[in-house]
Amino acid sequence: MELSTLILVCSFVIGLLMGSFLNVCIARLPKGESVIGGRSRCLSCGKTVRWYDNIPLLSWMLLRARCRDCKAAISWRYPAVELATALWFLRSASILWRDWNFTCDFCNPYQMQTSLVLQDLAVLMVGYLLIGLMVMDWQTHTLPDSFTIGGMVLGFVLICVHAMYLAPGEGEIHLHRKVNLNSAGAGRSTGDLFITGPEAVVLSRVAAIFGAMLLLLVFHWSYKALRKRDGMGMGDVKLLGMIAAFLGWWPAVLALFVGTIAATVYAIFQMARGKADRLTELPYGSFLAVGGMLAAMAGPMLIHWYAGLLR
Ligand SMILES: [Zn+2]
């Protein structure tokens, strides 16, 4: 087997296991239970799940979606989360492998490689957390802080590491900027240094996090003023902050845009079918998470396309 195939197979298996752990988080975090320790139990009969009935994907199929003891139905959500996570890891591994082997004739390949790999890791992590949050908000209308605030911290640490690996002079902001593009591809600028590259990267990410949260808070306040009730919770605000921490400002705006449109379409559809009225609470966080996934996958591409339309 070739090395690249082996890596893809391993990433799929690791994804299945991480998906299995995500199921534990989804079941326990909204109830405030610990995710470490304690064997999984059947929700109907309370019997401990045997290890061989706890194999991701396979056990659910072999048991035909029923508990071995009490024959109660096991939700399709378990294998769905495992499969989705495995596919996400598979996709991330193939992109990571491509960027790890990045070569370039006119730039410093080591710098580019590090920067690309760190971005890929951010996309992998935010996607994993978003799959969990999407299901949790849909089922329980809660977005646990351990995922949203924890993710925000993780994303911020990752951008700090990224800032340490910038090329000399990369990202610097100068007053009276005169830029000569040199052969290394990075701008060599002259003029008074305003802030250094690492400072610019870290500060702009801090601004993105607070900006994204503030944007959603403004939405929240205006909605409340217009409709005299809460349209969303603080969990949604922290969720958008987390997306910004991992991906930056524009992807967070894209996530908000897509999430809001998707939620509106869903609400209209449900009202038309008579399954919801104007007071039904929507799992807005789930739609934001869908927008976040889209931004993580196609964000840079979509934003370039949109900028191209405006030009
Ligand atoms: Zn049972």
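**Close-up views of a predicted model**

**View 1. Contacts of Leu 240 in the predicted model.** Setting aside neighbours within four places in sequence, Leu 240 is in contact with seven listed partners: Ala 212, Met 213, Leu 216, Ala 252, Ala 255, Leu 256 and Leu 288. Leu 240 is also among the residues that touch the most other members of the largest nonpolar core.

**View 2. The largest nonpolar core.** This core has 57 residues. Val 126, Leu 133, Leu 240, Ile 243, Ala 244, Leu 247 and Ala 252 touch the most other members. At least two core residues come from each of α1 (3-28), α3 (77-100), α4 (109-140), α5 (145-164), α6 (197-227), α7 (234-247), α8 (249-272) and α9 (284-310). The top contributor is α4, which gives twelve residues. Domain 1 (1-101) and domain 2 (112-311) both give residues to the core, so the core lies between them. In soluble globular proteins, nonpolar side chains tend to be buried together.

**View 3. The two domains.** The domain assignment splits the chain into domain 1 (1-101) and domain 2 (112-311). Their centres, taken over C-alpha atoms, are 27 Å apart. Across the boundary, 16 residues of domain 1 are in contact with 16 residues of domain 2.

**View 4. The side of domain 1 that touches domain 2.** Helices α1 and α3 each supply at least two residues of this side. Of the contributors, α3 gives the most, with ten residues. By class, this side of domain 1 has twelve nonpolar residues, two polar and two charged.

Terms used:
Residues numbered from 1 in each chain as written. Predicted model: local features only at pLDDT ≥ 70, side-chain atom pairs only at ≥ 80, totals over all residues. Core = buried A, V, L, I, M, F, W, Y, C linked by C-beta atoms within 7 Å. Buried ≥ 20, exposed ≤ 12 C-beta atoms within 10 Å, placed from the backbone. Helix = DSSP H or I, 4+ residues; strand = E, 2+ residues; numbered from the N terminus. Domains from an automatic or database assignment. Contact = placed C-beta atoms within 7 Å. Nonpolar A, V, L, I, M, F, W, Y, C, P; charged D, E, K, R; others polar.
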